[in-house]
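Subject: Structure handover

Hello,

Here is the structure I said I would pass on to you. Please open it beside this email and follow along; my notes come after it.

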Amino acid sequence: MKSNKQRRKEIQQKRIARAEKLKRELSNTVPPYALGLEGDVTAALSGVVASDKNELTHNTSYAIQPDYYLDKAFTCIDCKSREVWTAKQQKWWYEIAKGDINSTAVRCRPCRKIKQAIKAEARRIHLEGLERKKKGG
Ligand SMILES: [Zn+2]
């Protein structure tokens with residue numbers, strides 16, 4: 001019997017392999033946005049999601065707007081684990097969360113959570129300090 005953890009790891013490994021294969025096939029020679037893949041092609045390929053340029057207008061930089069997103073394999077800068085930033089997650093980040101087009105995933109989910117918690121704690125301490133100052137204590 002395989003544990004859930006093992007199974008999740010296997011799924012993750014498969015996703016990484018798929019992302020790397022995709023990268024080899026599509027973006028090693030030509031940047032993805034230059035391929036000009038159409039919507040129906042992206043639907044046929046897993047790990048590829050078409051972009052909605054109307055949702056990317058918050059990016060005022062000269063960076064080229066992508067035609068679609070590709071599953072992207074990366075190494076977490078904190079724990080060095082191999083991860084995949086899925087095309088779907090990228091679409092969410094750039095189009096819904098309005099992330100900068102030049103920003104990219106650098107941390108796995110658990111490390112991101114830790115980082116967020118540290119940041120929140122630092123903010124809390126900072127605000128408490130301001131509050132104390134205001135009260136003159
Ligand atoms: Zn990590």
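**What was found**

Lys80 is exposed, because its C-beta has 9 other C-beta atoms within 10 Å, and a residue counts as exposed at 12 or fewer. Keep in mind throughout that this is a predicted model. Lys80 sits in the loop between E3 and E4. Its phi is positive, about 65 degrees, although Lys80 is not a glycine. The two strands around this loop form a hairpin, with 6 residues between them.

**The chain as a whole**

The protein chain has 5 helices and 4 strands. Read from the N terminus, the order of its elements is α-α-α-β-β-β-β-α-α. The chain has 137 residues, of which 12% count as buried. Among contacts with a separation of 6 or more, 61% join residues that are 24 or more positions apart.

How far can the model be trusted along the chain? The mean pLDDT is 82, and 82% of the residues reach 70 or more. Residues 28-44 have a pLDDT below 50, and in the model this stretch makes 20 contacts beyond near neighbours in sequence.

**The hairpin strands**

Back to the hairpin for its pairing. Strand E3 covers residues 72-75, and it pairs with E4 in the antiparallel sense over 4 bridges. Two pairs can be picked out by name. Lys72 has Trp85 in E4 as its bridge partner, and Phe74 stands opposite Glu83 in E4.

**The core**

Which residues make up the largest nonpolar core? There are 8 in all: Ala19, Leu22, Val49, Tyr68, Tyr69, Leu70, Val84 and Ala87. Helix H1 (4-27) and strand E2 (68-70) each supply at least two residues of this core. E2 gives the most, with 3 residues. As a general point, nonpolar side chains in soluble globular proteins tend to be buried together.

Ala87 is a useful core residue to click on. Leaving aside neighbours within four places in sequence, Ala87 is in contact with Gly47, Val48, Val49, Tyr69, Leu70 and Asp71.

Ala50 is found in strand E1. Is Ala50 buried, exposed or partly exposed? Ala50 is partly exposed, because 18 other C-beta atoms lie within 10 Å, while 20 or more would be needed for a residue to be buried. Ala50 and Tyr69 are 19 residues apart along the chain, and their C-alpha atoms are separated by 6.2 Å.

**Helix H4**

Helix H4 runs over residues 87-96, and its buried residues are Ala87, Gln90 and Tyr94. Why do these residues lie on the same side of H4? They cover an arc of only 55 degrees around the axis, so they share one side of the helix. Against which strands do the buried residues of H4 pack? They pack against strand E1 (48-50), E2 and strand E4 (82-85).

H4 is followed by Lys98, which is placed in the loop between H4 and H5. Phi of Lys98 is positive, near 60 degrees, in a residue other than glycine. Lys98 is exposed, because 12 other C-beta atoms lie within 10 Å, and exposed means 12 or fewer.

**Helix H5**

Helix H5 spans residues 109-134, which makes 26 residues. From its first C-alpha to its last, H5 reaches 37 Å, close to the 38 Å expected at 1.5 Å a residue. How many of the 26 residues of H5 are buried? The count is 0, and H5 is hardly covered. After H5 comes Gly136, whose phi is positive, near 75 degrees.

**Where to look first**

A short route through the file, if you want one:

- Lys80, in the loop between E3 and E4.
- Ala87, one of the 8 residues of the largest nonpolar core.
- Gln90 and Tyr94, which are among the buried residues of H4.
- Residues 28-44, where the pLDDT is below 50.

Regards

Note on methods
Residues are numbered from 1 along each chain as its sequence is written. This is a predicted model: local features need pLDDT of at least 70, side-chain atom pairs count only at pLDDT 80 or more; totals for chains, interfaces and linings use all residues. Two residues are in contact if their C-beta atoms, placed from the backbone, lie within 7 Å. The expected span of a helix is 1.5 Å times one less than its number of residues. A nonpolar core is a set of buried Ala, Val, Leu, Ile, Met, Phe, Trp, Tyr and Cys residues joined through C-beta atoms within 7 Å. The arc is that of the directions from the helix axis to the C-beta atoms. Two strands pair if DSSP finds at least two bridges between them. pLDDT is the predictor's confidence in each residue, from 0 to 100.
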